[in-house]
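Here's a quick briefing to read with the structure open beside you. It looks at one chain, then at the places where its parts and its partner meet.

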Amino acid sequence: MALLEIQNLTVEFGSEDKPFRAVDTVSYHVDRGEVLGIVGESGSGKSVSSLAIMGLIDYPGRVTADRLSFDGQDLLKMSARRRRQITGKDIAMIFQDPMSSLNPCFTVEAQIMEALKVHEGGSKRQLRDRTMELLNQVGIPDAKSRMTAYPHQLSGGMSQRIVIAMAIACNPRLLVADEPTTALDVTIQAQIIDLLLKLQEDSDMALILITHDLALVSEAADRIQVMYAGQLFESAPSEGLFDKPRHPYTQALLEALPERSEGHHRLRTIPGVVPGQYDRPQGCLLAPRCRYANDRCVSEQPAITAFGGHDVRCFYPLDDQGQPTGRTA
Amino acid sequence: MLGFLLRRLGDIIPTFFGVTLLVFFLIRLIPGDPILMMAGERGVDAVRYAELQAQYGFDQPVIVQYYHYLVGVFQGDLGRSFVTKKPVFEEFMTLFPATVELSIMGILFAVIIGLPLGVIAAIKRGTIVDHTTMTISLTGYSMPIFWWALLLIMFFSTTLGWTPVSGRLSIFYYIEPVTGFMLIDTLISGEKGAFVSALRHLILPTIALGTIPMAVIARMTRSSMLEVLGEDYIRVARAKGLAPMRVIMVHALRNALIPVITVIGLQVGVLLAGAILTETIFSWPGIGKWIVEALGRRDYPTIQGGILMIAFLMMSVNLLVDLLYGVINPRIRHRR
């Protein structure tokens, strides 16, 4: 049994009769100790779907799913109180901007100890010792003096380490990292990713790595999922996805990588933008931007099918040569 | 920290000068002659008038008068009232506790009601609860005090008879002033029923005085709370699995309080500065009423001294608020 199982997760905002679907019937699973990468442009529903897993979608957002279970327990059917016992303990999350993730009014120590206290309890001394241990674990130099520091006294990289320490405080079995390095500069980015992967390996924790950095996830993840406009477009083991993308969108994304644009005068891009609430296409959501789209793509929505070892949402998945299969017109 | 304190105290000196200058010249611009006021309806003959002018120093140029006044102030002498002939400072100190008592009650009322209202409105944003609270607070804010106070008296005192109409204590009690605070003095005196009477006299003035600050605090708390609730660290706190109550009361409120404290501080200053209308309507023997009466009689030393004391209080309260920031906001604490 998978650690996290999601079936037809949908998150809607706005009015009941004219809702906006930020996440559209997404299904996936995460195994124990696995690193799952989720990539996609801004507005593709990566963050919203992970917030839904954490139970952090507020009214007026609506979360529905046929199944949203963690370790065999249905997260949507349990009481809010029971769910909070899982959130922050067994499933933890770190967010994009470390500088604003820490409460400016409390010391580092107080914020980490709070997480420990809620889920595990213990004497103040025990909590403090454990906090110290955590700070060492995430590679904070001079941990002792950092304990009583306030967030505004820390650098971005340091803050992210603290945020990570806070998230792994209760030894979660699943860590959701939502663009953990986007707000950091390049040298620090690598350090933070290394840290996350090391922690993941050491404790056999599952990791969902959400990012729009394709190079990063190709190295880090076991499996990668590509999301677009709230839908899952392609899901595959990471080497497969990069060598032989089956979805035209994945192919276009890869072509847009600067290192693959060698020999071109300009960087390649995907024309257009992700559809929003009012310009959502009737057929395949990618149709207006897809170079292979035909009439069927415009009028009909494709379902997810297995093709060449990948799960692909496309009528004409790409073959090994990168050409659409079975396309007639 | 010490440097900051000294700098702030240094700021007080020019402000102090400014206040004396403004008040001294402005009250002399108001038409009306204090000597004629003192003489009353019978008037005064020219010789006696000149004598009195010389006695009070009005025959000298205004600049010279101002100089004499300043010299007095720096020696701790605010002058004597034209009317009662008592030292202004002494009169101020006798009346001040009444104002302080009322102000404290007013601000307590404002904070105890306003803060929770603001928090609830923010949490229930966009719902009927939010709209109701904000409408009430806007109404409270827009209500002229004199009218609101009269409505309160008409309803609670006259119609329902629940509270006394005015004053600080029922005439059936005589309490020797010890602290000047009626609530404390009545308790000390041990006289039965006196404390309750003092409390009942405080209710309506407290509401009348506290309504505007209450509205200001409620609105400020709401907007500040809304801003904080949208912050990332609130989401992080929730992702830790904390109970919603803890997220709101500990993580959000602490941050949201920073601007609210400023507002509370300013309101305390405003209240201390003499709840002139409230004191006048409820015949509350405080400095607000005292200054209004002094203005009517062109009692220059009382007006000058009273306003100077108020300005001094305002500055002290502001300084106190600034010091308080550091306690709740670590970012300010460390920068000093």
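**Chain B at a glance**

Chain B has 336 residues, and 35% of them count as buried. Keep in mind that this is a predicted model. For secondary structure, chain B goes with helices: there are 15 of them, and zero strands.

**Overall build**
- The C-alpha trace of chain B spans about 85 × 55 × 40 Å along its principal axes.
- If you take the contacts in chain B with a separation of 6 or more, 72% are between residues 24 or more positions apart.

**Two domains**
- The domain assignment splits chain B into domain 1 (15-74) and domain 2 (88-335).
- Their C-alpha centres, for domain 1 and domain 2 of chain B, lie 36 Å apart.
- The two domains do touch: 10 residues of domain 1 of chain B are in contact with 10 residues of domain 2 of chain B.
- On the domain 1 side of that contact, α1 (2-29) and α2 (34-39) of chain B each supply at least two residues.
- The largest share of this domain 1 side comes from α1(B), with six residues.
- By class, the domain 1 side has seven nonpolar residues, three polar and no charged.

**Where chain B meets chain A**
- Here 19 residues of chain B are in contact with 24 residues of chain A.
- On the chain B side, the elements giving two or more residues are α10 (232-239), α11 (244-272) and α15 (330-335).
- α10(B) gives the largest share of that side, seven residues.
- Charged residues do turn up on this side of chain B: seven are charged, alongside seven nonpolar and five polar.

Note on methods: Residues numbered from 1 in each chain as written. Chains lettered and ligands numbered in written order. Predicted model: local features only at pLDDT ≥ 70, side-chain atom pairs only at ≥ 80, totals over all residues. Helix = DSSP H or I, 4+ residues; strand = E, 2+ residues; numbered from the N terminus. Buried ≥ 20, exposed ≤ 12 C-beta atoms within 10 Å, placed from the backbone. Contact = placed C-beta atoms within 7 Å. Nonpolar A, V, L, I, M, F, W, Y, C, P; charged D, E, K, R; others polar. Domains from an automatic or database assignment.
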